[in-house]
Amino acid sequence: MTIALWTVQAVLAAMFAVAGISKSTQPKDRLAEKLPWVADFSLTTVRVIGVAELAAAVGLILPALTGVVPVLTPLAATGLVVVMALAALTHARRKEPGAIVFNTVLLLLAAFVAWGRFGPYSF
């Protein structure tokens, strides 16, 4: 189970690092080409989402890897559950069912990490 948790943590961290860097550095009009929901939010909100995703990516790996405040790993996963729930609500409002499915998969993976690292497979 530990290998499964580490694998999911690594996949989530990689995905959210790329997404976070993109949202926190690219111009809004360029982001809107690939992420239509960006048009509904201010640039500041998009940047905050990007920084939160980037922080979660770091939090999924670094504390667990170094052993320094390892409780941050399941907290980062819990934060991603919240971010993905809010993302799914946004996509539901925009009537984008494909995006809701994607958000739900990421939410479930983050919930798995939170469960495992808070519970039976904590550090």
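This is a short talk on the largest pocket in this structure, the helices around it and a few residues worth finding on your screen.

Okay, hi everyone. Before we start, keep in mind that this is a predicted model.

Let's begin with the pocket. How do we look for one? Rolling a probe the size of a water molecule over the atoms shows where empty space is left. Here, the largest pocket comes out at a volume of about 610 Å³. Its lining is made up of 25 residues, and the ones nearest the centre are K23, W37, E53, M84 and A87. As for the elements that put two or more residues into that lining, they are α1, residues 2-25, α3, residues 43-66, α4, residues 72-93, and α5, residues 97-118. What kinds of residue line it? By class, we get 17 nonpolar, five polar and three charged.

So which element gives the most to the lining of the largest pocket? That's α4, with six residues. Let's stay on that helix for a minute. α4 has 22 residues, and from first C-alpha to last it reaches 32 Å, close to the 32 Å expected at 1.5 Å a residue. The buried residues of α4 are T73, P74, A76, A77, L80, M84, A87, A88, T90 and H91. You may remember M84 and A87 from the centre of the pocket. If you look at the spacing in that list, a bit of background helps: an α-helix has 3.6 residues a turn, so residues three or four places apart point the same way. And what do the buried residues of α4 pack against? They pack against α1, α3 and α5.

Now over to α1. This helix has 24 residues and reaches 34 Å between its first and last C-alpha, again close to the expected value, 34 Å at 1.5 Å a residue. Its buried residues are L5, V8, Q9, L12, A13, F16, G20, S22 and K23. The cover over them includes α2, residues 28-34, along with α3, α4 and α5.

Let's zoom in on two neighbours in α1. K23 sits in this helix, and so does S24. Take K23 to begin with: is it buried or exposed? K23 counts as buried, because its relative accessibility is 9%, and the cut-off for buried is under 20%. Setting aside residues up to four places away in sequence, K23 touches L31, L35, W37, V46, R47, I49, G50 and E53.

S24, on the other hand, has 22% relative accessibility, so it counts as partly exposed. With the close sequence neighbours left out again, S24 touches R47, G50 and V51. There's also a polar partner inside the helix: the backbone oxygen of G20 lies 2.7 Å from a polar atom of the S24 side chain. And for a sense of scale, S24 and L109 are 85 residues apart along the chain, with 23 Å between their C-alpha atoms.

Next, E53, which we met as a contact of K23. E53 is in helix α3, and it is buried, with a relative accessible area of 3%. Leaving aside neighbours within four places in sequence, its contacts are F16, A19, G20, K23, V83 and M84.

A quick stop in α5, where you'll find A99. This one is partly exposed, with a relative accessible area of 23%. A99 and A87 are twelve residues apart in sequence, and their C-alpha atoms are 8.6 Å apart in space.

Last topic: the loops. Some background again: most residues other than glycine have a negative phi, and most peptide bonds are trans. So where should we look for positive phi values here? One place is V69, a residue other than glycine whose phi is near 50°. V69 lies in the loop between α3 and α4, and with a relative accessible area of 45% it is partly exposed.

The other one to look at is K95, not a glycine either, with a positive phi of about 60°. K95 follows α4, in the loop between α4 and α5. Is K95 buried or exposed? K95 counts as exposed, because its relative accessibility is 70%, and exposed means over 50%.

To wrap up, if you open the model later, start from K23, W37, E53, M84 and A87 around the centre of the pocket, then follow α4, which gives the most to its lining. Thanks, everyone!

Key: Residues numbered from 1 in each chain as written. Predicted model: local features only at pLDDT ≥ 70, side-chain atom pairs only at ≥ 80, totals over all residues. Heavy atoms only, no water. 1 Å grid on protein atoms, 1.4 Å probe; cavity = no way out; pocket = protein on both sides within 12 Å on 5 of 7 lines; lining within 4 Å. Points joined across faces, edges and corners; volume = space filled by probe spheres on them. Helix = DSSP H or I, 4+ residues; strand = E, 2+ residues; numbered from the N terminus. Nonpolar A, V, L, I, M, F, W, Y, C, P; charged D, E, K, R; others polar. Expected span 1.5 Å × (residues − 1). Buried < 20%, exposed > 50% of the residue type's maximum accessible area, 1.4 Å probe, protein only. Contact = heavy atoms within 4.5 Å. Polar contact = N/O pair within 3.5 Å; in protein donor to acceptor, adjacent residues only side chain to side chain.
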